Amino acid sequence: MGEITVSGGKNTSVAVIPATLLCDAPCTIENLPDIDDVHALIEILEHLGARVEYVPGHHLTVDPSGVKSCHVPFPYTNRLRASYYLLGALLGRSGCAEVAYPGGCDIGSRPIDQHLKGFSALGAKIEDRGGVVYAKAEKLQGADIFFDMVTVGGTINVMMAAAKAEGNTVIYNPAKEPHIVDLANFLNSMGAKIKGAGTDVIRIRGQQKLRGTTYTVIPDQIETGTLMIAAAATRGDVTIRGCIPTHMEALTAKLLEMGVRVTQSDDSIRVRPQSEQRAVNVKTQVYPGFPTDLQQPMTALLCMATGTSTVSETIFEQRFKHLDELRRMGAKIKLMDRTVLIEGVRELYGAPVTVTDLRAGAALVVAGLMAKGITEIYETSYIDRGYERIEEKLRSLGADIRREKL
Ligand code: EPZ
């Protein structure tokens, strides 16, 4: 019950921070979420020789003029998936990138073949040996690039490199997520010439030099959705402020279909209970479809809907590790290939559960809010990678949730 302001976007921040390397003047970024993925990227920039001033919850200023290295070793890249954005940023900066393979959530094989295909098309020589990607280019040349599948990371990585290539690049079949548009806006504020982000074709006119800028990242689409789902899960009356409702359409439509009352203004969404919550069918799609990052929290919500729901995960083949933990809490769930069959139950019961990946953690928090009794959630560091002080935000809305030292 009450109001909460959403933080800046994780998936936009982890792209914008590496992109500061594309110029040789200070860039200031505002509205960054105070999360571990942001901290990890700041450490990588400092390792490379950038001067950084970071005021958590306020701003980050990066002065990359001192960056001479293009090598990012495994202990740094292993901490997060988005470390692979250093490939596109360093290639665009100096034509040289040596970046160890990324870490990140274990939700599938997550290859980066499309990223490398894009870099090769731009004229980079790519070697992949010993768990490190070596990319080198005298001068990147603009090219036409057609992605075999829609890839957020591939689109972001190629956009960064192409922004500094010689000549024009056209990206066909790009991802259209809000954070793709946000990165394009950030790069354009540095003097890049990018058109069409968020549409089916992105056109980039490479620039020799980019300039420093000050930029505010967009609010987090997935945190907004997680808070909407948590409000529905607890039948609360919650207003989420500082969000962008148009980014939430797919989830809003599903919650309305369930019988949850969702109303919105231009920068806030209000979620209220309306009637019993009916079972629905969900299928994850690329934006603007239902986001794969909300599949797991939505699965938790549907565990107590009236009737049988299905949740089909079309993006990541192994994004189901939360199901065993939900079963411990009494959920009636079956997995058939990549579709979860959920028979709604009247109660979930608190239990000790373990987080296996970031959004599985969000699902377990939602389930814990719904369950009768105490739920103990272990391995919460996954959650802290993508949510800023989630327990404080939920507690301010009346949730009985606290963090304890083991
Ligand atoms: C980004 O991951 C996000 N991560 C993910 O969020 C999000 O789930 C995903 O996009 C989809 O929206 C960050 O932004 C840091 P993809 P990414 O490339 O870039 C396959 C979270 O919870 N593929 O769009 O890795 C891939 O295996 C995280 O915040 C290739 O086969 O996603 C997947 O099946 C989890 N080859 C599909 O495409 C490639 O070269 C979509 O992947 C690239 C991708």
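This note goes through the sheets, the ligand site, one salt bridge and two backbone details of a predicted model.

1. The sheet with β1. Four strands make up an open sheet, and their order is β1-β14-β16-β15. The pairing in this sheet is mixed. The edges are taken by β1 (2–5) and β15 (261–264); each has a single partner strand, so one side of each has no neighbour in the sheet. On average, and with direction ignored, neighbouring strands here are turned by 20 degrees against each other.

2. Pairing around β16. Strand β16 covers residues 268–272 and runs antiparallel to strand β14, residues 238–241, with four bridges joining the two. Within this pair, Ile-240 of the one strand stands opposite Ile-269 in β16. The pairing of β15 with β16 is also antiparallel and also has four bridges. Here the bridge partner of Gln-264 is Ile-269 in β16. Ile-269 is therefore a useful residue to pick out on screen, as it stands opposite Ile-240 and is the bridge partner of Gln-264. The connection from β15 to β16 is a hairpin of three residues.

3. The helix on this sheet. Which strands does helix α8 lie across? Helix α8, residues 221–233, lies across β1, β14, β15 and β16. Its direction is at about 20 degrees to that of β16.

4. The sheet with β5. A further open sheet of four strands has the order β5-β6-β8-β7, again with mixed pairing. Its edge strands are β5 (71–72) and β7 (125–129), each of which pairs on one side only. Strand β6 (residues 96–100) and strand β8 (residues 132–136) are antiparallel and share five bridges. One position to check in this pair is Ala-100, which stands opposite Val-132 in β8.

5. The helix on the β5 sheet. Helix α4, made of residues 85–94, lies across β5, β6 and β8. The angle between helix α4 and β6 is about 160 degrees.

6. Strand β2 and its partners. Strand β2 (residues 27–30) pairs with strand β4 (residues 59–63) in the antiparallel sense, over four bridges. In that pair Cys-27 stands opposite Val-62 in β4. Strand β2 also pairs with strand β13 (residues 214–216), this time in the parallel sense and over three bridges. The bridge partner of Ile-29 in β13 is Tyr-215.

7. The ligand site. How many residues surround the ligand? There are 24, and the closest are Tyr-84, Gln-114, Thr-151, Asp-293 and Ile-315. Two of the contacts to ligand oxygen involve the backbone: a backbone N or O atom of Gln-114 lies 2.7 Å from an oxygen atom of the ligand, and a polar backbone atom of Ile-315 is 2.6 Å from a ligand oxygen atom. Arg-359 contributes through its side chain, where an N or O atom is 2.9 Å from an oxygen atom of the ligand. On its own the ligand has 820 Å² of accessible area, and the protein covers 92% of that.

8. Salt bridges. The whole structure contains 25 salt bridges. One of them is formed by Asp-34 and Arg-389, with the closest N and O atoms 3.2 Å apart. This pair links distant parts of the chain, the two residues being 355 residues apart. Asp-34 is in the loop between β2 and α2 (36–48). Arg-389 is in the loop between α13 (381–384) and α14 (390–395).

9. A cis peptide bond. Where is Pro-288 placed? Pro-288 is in the loop between β17 (281–283) and α10 (295–302). The peptide bond leading to Pro-288 from Tyr-287 is cis, and its omega is near 10 degrees.

10. A positive phi. Asn-173 is not a glycine, yet its phi is positive, at about 65 degrees. Asn-173 is found in the loop between β10 (168–172) and α7 (178–189).

Key
Residues are numbered from 1 along each chain as its sequence is written. This is a predicted model: local features need pLDDT of at least 70, side-chain atom pairs count only at pLDDT 80 or more; totals for chains, interfaces and linings use all residues. Side-chain values use heavy atoms; hydrogens and water are left out. Two strands pair if DSSP finds at least two bridges between them. Axes are lines fitted to C-alpha atoms, for helices over the stretch in contact, and angles run from 0 to 180 degrees between N-to-C directions. Contact means heavy atoms within 4.5 Å. A residue is near a molecule or strand if one of its heavy atoms lies within 4 Å of it. A polar contact is a pair of N or O atoms within 3.5 Å; within protein, one must be able to donate a hydrogen and the other to accept it, and residues adjacent in sequence count only if both atoms are side-chain atoms. Accessible areas come from the Shrake-Rupley method with a 1.4 Å probe; for residues, only the protein chains shown count as cover. A salt bridge is a side-chain nitrogen of Lys or Arg within 4 Å of a carboxyl oxygen of Asp or Glu.
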